[in-house]
Amino acid sequence: MIQQFKENKDKVFDENGIELYTVRTDKFKTGSINIFFVDNLNKSNVTKNVLVSNLLKRGSNNLKSIKEINLKLEELYGAYFECSIIKKGEWQIMQFYIDYINTTYLNKNENIFDEILEFLFDIILNPYTKNSIFREDFFSGEKENIKRRIDSRINDKLGYSMDRCIEEMCKDEPYSIYEYGIKEDLDKLSEKDVFDYYKNYFIKQLPIKVFLSGEFDELNINKLILKLKNIKRDKIIKLNKPINSINIKKVREINEYFDVNQGKLAMGFRMDTDYFNDDYKSFVLYNSILGGGIHSKLFTNVREKESLAYYTGSRIDKYKSLQLITSGIDIDKKEKAYILIMKQIENMKNGEISDYEYNAAIKSIETSYNYLKDTQYSLIDFYLSQVLLNNDKKIDEIVNEIKTTKKEDIKKAAQKIYLDTIYFLKSK
Amino acid sequence: MDRIKRYKYEKINEEVLIYTHSSGLNINYIPKKGYLKKYATFSTHFGSINNSFKVNNENSIKVPDGVAHFLEHKLFEQEYGDVMDKFSILGADPNAYTSFSRTTYLFSCVDNFFENYELLLNFVQHLYLTDKSIEKEKGIIAQEIKMYRDNPHWRLFFNLLEGLYINHPVKIDIAGTVESINRINKDILYKCYNSFYNLSNMVITIVGDLDFEKIIEYSEANLKTKNDHYILENIYPKEPKDINKIKIEENLDVSSPIFQLGFKETELPRIGKGSIIYEMGISILQEIIFGKSSEFYNEMYEKNLLDNSFLYDYTVEKEFAFSTLGGESKNPELVRDSVVSLIKKLKKNRISREDFNRTKKAYYGKIVKNLNSIEKIASMFNLVYFRDINMFDYYELYDKITYELINDVLDLHFDENKIVLSLVKNKS
């Protein structure tokens, strides 16, 4: 029988800067373990963190190549393993993720949990070394991969225009740092530098958040805790709170040129609030009404009424109090689009919000929060955010707060949002 | 007449209930207990390849490219205004997409499922057109076409199809061209709508935690009962087994060259349950030959010729089939040559039994994981429906994939003479 999904996490371990949370559910056909290493986003570590995670997934002293790693994963019924780099506000997070099929769906009721644990900790704690440093060939290969990854940003013009707008806007803030590293720094680093960094800093000093999700018993939890206890730790670094400064002297305008058919207009705004502030929910609603979906003013007026753009919308970053408006438009219609977008913002400031816009925005936010509960990873990602922001609110509480926000509150929020940077990507 | 069928799949703990409406339309319902999200799709067997057809043995009709996609856009506009707004008020996320052979309308929601379902059934069964709204839509779709023209992966893919097919309309861009959509008018849209949006040419799939009796009740109340007798015949040009071009290259702003290799499939069955084992056979073969545990991938990776962006896939529809592989590479020609010699070698030495057994095991884990996602279940049901297949058949027929079959598929599908290279790189 499927139990009612218990929408909560339990903290079951907290020692040496390592926290373990369990999220119990039998709704999915898989279990998963996520291990997140969290660092303050900064120029001196960003590239090393990427190199470390790329090198760890190249091989361990037991599984010496991508081939051997994947042969093992195939034996574990196609368990999926990946290390990713995530940027949340001004934190850089190195994620080690594995998911695996539940015992129930295996023929002989085999138990693969122990092997999954062995695998994951082998990858993280036992990298393939030569003369006690990372292998030279792996190292140079991964440098190439990271360079290519950084260069390939231009292939997606929409994502690129958004990244560039933010980079220009937050030039002197850690937020502008690209989470996949700084290309120029790659050549300055040696196998030894990065191995020392891994051994003395990455493993020993970064806060670690671990999530176990799916169906498991006390024995499974205890085995995982034992593994975590065995990690040798040092003094743990302190995570900074994101800086939120509003100091706009003049709106910056940046144009960049590519061989394109369609222009991308990105506009960056600063919001005078933060996630911990009571009025934050009003900004969430403001964003939803302005550009957060098909009910929004941007979608209705810029796309549908004027057919100026195929897509247009806005998003906010809850860790950094920024709003970004993006759209894909004809290159010669930039002025027209800009005026129309600013007009929508003006209307928000004047409190011109229809009942339809208000109700649809609330419903849309409620629905998105509920969807989180249906995807194993989205739920973990939400809990990770809550843990990092030191916030204990449950999904339903957040939704209730949104529901009690009034139009008047949204109008107030509208007065506290300021245009900072206009970025336009156009043809040569 | 027994209009309700129920199939249980013990092995994966899933079931499907099928209701056949008097028009011949089937409604597939897949219950997912404990999930909050509900998902409904309404599809017609009408896509970009259906540009020439006959109804009731009348004269054949040829329509401009992009008409199926154009109709998809138009259905969202009804006398009462934008359908999106109605969904939005009910808290649903509506969407639609046009593929080679299908147009699908869908929504997901948490609350108000039946109101949303009613809305879906009604708007898809009703076309409302004005000359003005058709003209306005041309502006929006022209932007969409331009957006895709700048997308290197989209260009790469359609160039590949141009290389694979000599006459088949699968090689035509789904949205058409700015020129072809300008030729679309009211008469053409009505003609296509009346020909393809006949309930007997359509299917509904619903996934979520719902009451099946109520689904039937709402379907009966909202589906048109009268169904004129009609015969629809699609006309496809004769497609030779040979490929069109061995290589197609295009210049776009990309950081490093991206490529796709395609094998044209001309030998294996595509319709009915029997075709499934061949389809799974190709997927397993791709894993064995090109997967992360393969000699090929590891060699290419170590030589810096391939990286993490490398992907492979097999597309099979009633009317055509092809397999692809590709990613970023500094030397795509060399990768192609290595693939060709690898295939030749494998045909001589055969696939190893060990590789087969291990990969087949991993494949099972992967397909079971798909059952975690409501969207994946709905889209897979839809995808295979017009091939006379039920998605859960894959899990039942999995055991029938044999070592001998894999080797047969290797000989039949991977033909060195039917391989096309598509390539996008910078001008310089």
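**A helix pair and a five-stranded sheet**

In chain A of this predicted model, helices H12(A) and H14(A) lie roughly antiparallel to each other, a label given to angles over 145 degrees. The angle between H12 (residues 355-372) and H14 (residues 395-403) is about 175 degrees, and their axes are 10 Å apart. Axes here are lines fitted to C-alpha atoms, for helices over the stretch in contact, and angles run from 0 to 180 degrees between N-to-C directions. Helices (H or I, at least four residues) and strands (E, at least two) are DSSP runs numbered from the N terminus.

Residues are numbered from 1 along each chain as its sequence is written, and chains are lettered from A in the order in which they are written. Local features need pLDDT of at least 70, side-chain atom pairs count only at pLDDT 80 or more, and totals for chains, interfaces and linings use all residues.

Where the two helices meet, H12(A) brings A:Ile362, A:Ile365, A:Glu366, A:Tyr369 and A:Leu372, while H14(A) offers A:Ile395, A:Ile398, A:Val399, A:Ile402 and A:Lys403; contact requires C-beta atoms, placed from the backbone, within 7 Å.

Turning to the sheet, five strands of chain A form an open, mixed arrangement in the order S9-S13-S10-S12-S11. Its edges are S9 (252-258) and S11 (309-317), each pairing on one side only; strands pair if DSSP finds at least two bridges between them. S11(A) runs antiparallel to S12 (residues 322-329) of chain A, joined by seven bridges, and A:Gly313 has A:Thr326 in S12(A) as its bridge partner. Helix H4 (residues 131-149) of chain B packs on this sheet, touching S11 and S12 of chain A, with its direction at about 70 degrees to that of S11(A).

Key:
Parallel < 35°, antiparallel > 145°, perpendicular 65-115°, else oblique.
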